[in-house]
Amino acid sequence: MNSTPPLRRARTLAHELVESLGDRIRDGRLAAGDKLPTEAAFMTEFGVSRTVVREAISKLQASGLVETRHGVGTFVVGMGDASAFRIAPEQLATLRDVVAMLELRIGVETEAAGLAAQRRTTQNLIAMRDALDAFTQAVEAGRDAVGADFQFHQEITRATQNAHFVNLMGTLGTMSIPRARLDPSRPPDEERLAYLRRVNAEHLSILDAIENQDVEAARAAMRTHLANSRERRRRAAALAGESP
């Protein structure tokens with residue numbers, strides 16, 4: 001009988017998939033510019049779930065080995081840089097770590113929202129709306145919405161038309177979303193559902209400002225959203241008796 005918890009087992013499988021794909025990139029079987037196979041192809045080849053494949057791709061993105069282009073696919077970037085900036089999961093272990101991450105995001109994403117308002121294309125707006133639709137559907141169905149949340153913020157960086165914002169956000173990964181530390185299997189209660197709906201309302205305010213090309217409103221909406229996230233995390237930690 002396998003006593004390994006499902007979540008831990010999924011993470012182990014994702015790590016093994018990352019290692020396998022990393023080897024293919026390093027030995028040239030997957031060269032820079034190559035498009036990765038579909039999620040379904042990886043599921044069949046490695047005998048893993050879609051969740052495992054997505055987590056592995058997220059890790060490869062954070063390592064700078066691949067990048068995902070919305071509506072097109074995931075492509076090999078190259079060998080990556082072992083010395084590149086990254087924040088490991090263990091660096092987000094405490095409330096202070098999470099607050100520090102949110103402070104970094106406030107600095108980066110406030111300006112990204114302003115640039116997105118200036119430069120967004122129709123396709124950028126469609127991608128942002130798709131991410132918000134996925135967020136709404138996940139929330140109302142009681143599913144984990146962290147991936148859709150991160151995707152929305154990533155699409156904003158793409159709308160800056162500045163690859164450095166995109167790469168930095170990809171490096172931060174889904175662990176930069178404060179809820180990523182919480183147990184996604186916990187059934188949502190009314191309080192949690194109300195909280196997620198507030199988050200989505202803040203997202204909509206950001207999108208509205210970007211769509212209207214109102215630079216200052218976009219910056220203000222993003223700053224408010226991330227500052228609210230910081231305060232919500234502090235309150236949740238206080239209620240749970242977590243030390244700072």
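This report describes the fold, the helix packing and several individual residues of a predicted model of a protein chain.

## Overall architecture

The protein chain contains nine helices and two strands, and their order along the sequence is α-α-α-β-β-α-α-α-α-α-α, so that the two strands are preceded by three helices and followed by six of them. Of its 244 residues, 42% count as buried, while the accessible surface of the chain comes to about 12,900 Å², with 52% of that area belonging to carbon and sulfur atoms.

Among the contacts in the chain with a separation of 6 or more, 68% are accounted for by residues 24 or more positions apart. The sections below take up some of the helix pairs and some of the long-range contacts in turn.

## Helix H8 and its partners H5 and H6

Helix H8, which spans residues 190-211, can be described through two of its neighbours. With helix H5 (residues 122-140), the axes come within 11 Å and cross at roughly 170°; because angles over 145 degrees count as roughly antiparallel, H5 and H8 are placed in that class. On the H5 side the contact is made by Leu125, Met128, Arg129, Leu132, Phe135, Thr136, Val139 and Glu140, and on the H8 side by Leu193, Leu196, Arg197, Val199, Asn200, His203, Leu204, Leu207, Ile210 and Glu211. By class, this contact of H5 with H8 has eleven nonpolar, three polar and four charged residues.

With helix H6 (residues 146-159), the axes come within 12 Å and the crossing angle is roughly 15°, and these two helices are therefore roughly parallel to each other. The crossing of H6 and H8 is left-handed. Asp149, Phe152, His153 and Ile156 of H6 meet Val199, His203, Ile206, Leu207 and Ile210 of H8 in this contact, and the residues involved divide into six nonpolar, two polar and one charged. Val199, His203, Leu207 and Ile210 of H8 are named in the contact with H6 and are also named in the contact with H5.

## The H6 and H7 pair

Helix H7 covers residues 163-172, and the axes of H6 and H7 come within 8 Å while crossing at roughly 160°, an angle at which the two helices are therefore roughly antiparallel. H6 passes H7 in a right-handed crossing. The contact is made by Phe150, His153, Gln154, Thr157 and Arg158 of H6 together with Phe165, Val166, Met169 and Gly170 of H7, and by class it has four nonpolar, four polar and one charged residues. His153 of H6 is named in this contact as well as in the contact of H6 with H8.

## The loops after H6 and H8

The loop between H6 and H7 holds Thr160 and Gln161. Thr160 counts as buried, at 0% relative accessibility, and, when residues up to four places away in sequence are not counted, Thr160 touches Ala112, Leu115, Ala116, Arg119 and Phe165. The C-alpha atoms of Thr160 and Arg119 are separated by 6.0 Å, although the two residues are 41 residues apart along the chain. Gln161, by contrast, is partly exposed, with a relative accessible area of 46%, and has a positive phi of about 60° although it is not a glycine.

A positive phi also appears in the loop between H8 and helix H9 (215-240), where Gln213 lies. The phi of Gln213 is about 55°, and this residue, too, is not a glycine; at 43% relative accessibility, Gln213 counts as partly exposed.

## Long-range relations of Leu102 and Ala217

Leu102 lies in helix H4 (residues 95-119) and is buried, with a relative accessible area of 0%. Leaving aside neighbours within four places in sequence, Leu102 is in contact with Pro178, Leu226, Ser229 and Arg230. For one of these partners, Pro178, the separation along the chain is 76 residues, whereas the C-alpha atoms of Leu102 and Pro178 are separated by 8.3 Å.

Ala217 is found in helix H9 and counts as partly exposed, at 30% relative accessibility. Ala217 and Ala113 are 104 residues apart in sequence, and their C-alpha to C-alpha distance in space is 9.1 Å.

Terms used
Residues are numbered from 1 along each chain as its sequence is written. This is a predicted model: local features need pLDDT of at least 70, side-chain atom pairs count only at pLDDT 80 or more; totals for chains, interfaces and linings use all residues. Side-chain values use heavy atoms; hydrogens and water are left out. Helices (H or I, at least four residues) and strands (E, at least two) are DSSP runs, numbered from the N terminus. Buried means under 20% relative accessible area, exposed over 50%, partly exposed in between (1.4 Å probe, protein chains only). Contact means heavy atoms within 4.5 Å. Accessible areas come from the Shrake-Rupley method with a 1.4 Å probe; for residues, only the protein chains shown count as cover. Axes are lines fitted to C-alpha atoms, for helices over the stretch in contact, and angles run from 0 to 180 degrees between N-to-C directions. Angles under 35 degrees count as roughly parallel, over 145 as roughly antiparallel, 65 to 115 as roughly perpendicular and the rest as oblique. A crossing is left-handed if the near helix is turned anticlockwise from the far one by less than a right angle, and right-handed if clockwise. Ala, Val, Leu, Ile, Met, Phe, Trp, Tyr, Cys and Pro count as nonpolar, Asp, Glu, Lys and Arg as charged, and the others, Gly among them, as polar.
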